[in-house]
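Here's a quick walk through one protein chain, from its overall build down to a few individual residues. Have the viewer open as you read.

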Amino acid sequence: MVNDTISDMLTRIRNANMVKHQIVQIPSTKMSLAITEILKAEGYIEDFEEYSENNKNYLLISLKYTGKSRQPVICKLERVSKPGLRVYSSSKELPKVLNNLGIAIVSTSKGVMTNLKAKELGIGGEVLCYIW
């Protein structure tokens, strides 16, 4: 039983990236599915697939690498808001990750989205993680 599913997801992706695995399996939740869709839309992962096994849903994520040496596209995943310390940000104070070269994933009242999209819509929310 995992209490913080977002941290678990980010750690599994981080560990799979370090050993250059092609795919990684994570338990499927609504939040992990939303984060995975953002990662695909932003080009950080190749693709993902949802499947069931023994009445449990999982996500299979295909990781993305570049060059002959297979450098991971995701350099760093950092969890910001934790269960013990939630981090909220208004639309004017949304974080910039590496001068907008990276993204921050924000949970807003309109759904889970990147910091750039939230700033466009003029809404703030809980800053979940940074990715670059």
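## Sheet pairings and the hairpin

Keep in mind that this is a predicted model. A good place to begin is S8 and strand S9 (residues 111–114), an antiparallel pair joined by four bridges. The two strands make a hairpin, with two residues between them. If you want a single pair to click on, take Ser107, whose bridge partner in S9 is Val112.

## The chain as a whole

Stepping back, the protein chain has three helices and ten strands. Going along the sequence, the pattern reads α-β-α-β-β-β-β-β-β-β-β-α-β. The radius of gyration comes out at 15 Å, close to the 14 Å from the globule rule for 132 residues, so the chain is as compact as a globular protein of that length. Along the principal axes, the C-alpha atoms fill a box of roughly 40 × 40 × 25 Å.

How much of the chain is buried? Of the 132 residues, 38% are buried. The exposed area of the protein chain is about 7,900 Å², and 50% of that is supplied by carbon and sulfur atoms. As for contacts, take those between residues at least 6 apart in sequence: 60% of them join residues at least 24 apart.

## The open sheet and its helices

Now for the three-stranded part. The strands form an open sheet in the order S1-S3-S2, with antiparallel pairing. S1 and strand S2 (45–53) are at the edges; each has a single partner strand, so one side of each has no neighbour in the sheet. From one strand to the next, the twist averages 25°.

S2 and S3 run antiparallel and are joined by eight bridges. In that pairing, Ile45 sits opposite Leu63 in S3. Two helices come into play here too. H1 lies across S1 and S3, and runs at about 165° to S1. H2 packs on the sheet as well, where it touches S1, S2 and S3, and its direction makes about 155° with that of S2.

## Two nonpolar cores

The largest nonpolar core has 23 residues, and the ones with the most contacts inside it are Ile13, Leu39, Ile61, Leu63, Ile105 and Ile131. Which elements give two or more residues to this core? They are helix H1 (5–18), strand S1 (23–27), helix H2 (30–41), strand S3 (56–63), strand S8 (103–108) and strand S10 (125–131). H1 gives the largest share, with five residues. There's also a second, separate core of five residues, including Leu94, Val106, Met113 and Ile123.

Ile61 is worth a closer look. Setting aside its neighbours within four places in sequence, Ile61 is in contact with Met9, Ile13, Gln22, Ile23, Val24, Ile26, Thr36, Ile45, Asp47 and Phe48. One of those contacts, Ile45, is the residue that stands opposite Leu63 in S3. Another, Ile13, is among the residues with the most contacts inside the largest core.

## Out at Glu120

Finally, a residue from the third helix. Glu120 lies in helix H3 (residues 115–121). Is Glu120 buried or exposed? With 68% relative accessibility, Glu120 counts as exposed, because the cut-off for that label is over 50%. Glu120 and Trp132 are twelve residues apart along the chain, and their C-alpha atoms are separated by 20 Å.

Key:
Residues are numbered from 1 along each chain as its sequence is written. This is a predicted model: local features need pLDDT of at least 70, side-chain atom pairs count only at pLDDT 80 or more; totals for chains, interfaces and linings use all residues. Side-chain values use heavy atoms; hydrogens and water are left out. A nonpolar core is a set of buried Ala, Val, Leu, Ile, Met, Phe, Trp, Tyr and Cys residues joined through side-chain atoms within 4.5 Å. Buried means under 20% relative accessible area, exposed over 50%, partly exposed in between (1.4 Å probe, protein chains only). Contact means heavy atoms within 4.5 Å. Two strands pair if DSSP finds at least two bridges between them. Axes are lines fitted to C-alpha atoms, for helices over the stretch in contact, and angles run from 0 to 180 degrees between N-to-C directions. The radius of gyration is taken over C-alpha atoms; the globule rule is 2.2 Å times the number of residues to the power 0.38. Accessible areas come from the Shrake-Rupley method with a 1.4 Å probe; for residues, only the protein chains shown count as cover.
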